[in-house]
Amino acid sequence: MVGRKTVYTWREEDPAFAAAWDDAIDEATDMLEAEARRRAIEGDEEYVVSMGQLVKDPKTGEYLTTRKRSDGLMTLLLKAHRPEKFRERYDVQQSGNITMNITQDDDAL
């Protein structure tokens, strides 16, 4: 086992180790993004629950399932890959003068 401080020292002192570290982070991030995309598009199979009970198909007696997708992950992916269209825009511009009137009551703030 290697201590955390040791690997951070290696990263600072060894360019090849630092490059391998960065590659590993990129690869892991690619895997996370792929899983987020899968959950957003394909989703996961979940049992249907009603009033706290699993629901069975009356004809087959099998438990019913549904495919649950993640709208939140889909939103994040759209914001990441098409920010010009899907990101929140907070473009505030001020032109002209701003006038402030300070009264005695404002001293209490």
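Let's start with a group of rings: Y8, W10, F17 and W21 together make up one aromatic cluster. Keep in mind as you look around that this is a predicted model.

To see where that cluster sits, follow the two helices that carry these residues. Helix α1 covers residues 4–13, and its axis comes within 5 Å of the axis of α2, the two crossing at roughly 110°. An angle from 65 to 115 degrees counts as roughly perpendicular, and α1 is therefore roughly perpendicular to α2. On the α1 side, the residues that meet the other helix are V7, Y8, W10, R11 and E13, while α2 brings P15, F17, A18 and W21. Sorted by character, the residues of this contact come out as 7 nonpolar, no polar and 2 charged. The members of the aromatic cluster, Y8, W10, F17 and W21, appear in this list of contacting residues too.

Now for the ring pairs themselves. The model has 4 aromatic pairs. One of them joins W10 and F17 in an edge-to-face arrangement, with 5.6 Å from centre to centre and 80° between the planes. How buried or exposed are these two partners? W10 has a relative accessible area of 38%, so it is partly exposed. F17 is also partly exposed, at 26% relative accessibility.

Another edge-to-face pair is formed by Y47 and Y63, whose ring centres are 6.1 Å apart and whose planes make an angle of 85°. This pair links distant parts of the chain: Y47 belongs to strand β1 (residues 44–47), whereas Y63 lies in the loop between β3 (53–54) and β4 (65–68), 16 residues apart. Y47 counts as exposed because its relative accessible area is 51%, and the cut-off for that class is over 50%. Y63, at 41%, is partly exposed.

Let's go back to α2 and look at its other helix partner. Helix α2 spans residues 15–41, and it packs with helix α3 (residues 71–81) at an angle of about 125°, the axes being 8 Å apart. The two helices are therefore oblique to each other, and their crossing is left-handed. Which residues make this contact? From α2 come E33, A36, R37, R39 and A40, and from α3 come L73, M74, L77 and H81. By character, this contact divides into 5 nonpolar, 1 polar and 3 charged residues.

Just before α3 there is another spot to visit. R69 is found in the loop between β4 and α3, and it is partly exposed because its relative accessibility is 45%. Its C-alpha lies 5.8 Å from that of R39, although the two residues are 30 apart in sequence. Setting aside neighbours within four places in sequence, R69 is in contact with R39, A40, I41, E42 and G43. Among these, R39 and A40 also take part in the contact between α2 and α3.

One backbone detail rounds off the tour. Most residues other than glycine have a negative phi. M51, however, has a positive value, near 50°. Where does M51 sit? M51 lies in the loop between β2 (49–50) and β3. With a relative accessible area of 82%, M51 counts as exposed.

Note on methods:
Residues numbered from 1 in each chain as written. Predicted model: local features only at pLDDT ≥ 70, side-chain atom pairs only at ≥ 80, totals over all residues. Heavy atoms only, no water. Axes fitted to C-alpha atoms, helices over the stretch in contact; angles between N-to-C directions. Helix = DSSP H or I, 4+ residues; strand = E, 2+ residues; numbered from the N terminus. Parallel < 35°, antiparallel > 145°, perpendicular 65-115°, else oblique. Left-handed = near helix turned anticlockwise from the far one by under 90°. Contact = heavy atoms within 4.5 Å. Nonpolar A, V, L, I, M, F, W, Y, C, P; charged D, E, K, R; others polar. Phe/Tyr/Trp six-rings, centres within 6.5 Å; stacked < 30°, edge-to-face > 60°. Buried < 20%, exposed > 50% of the residue type's maximum accessible area, 1.4 Å probe, protein only.
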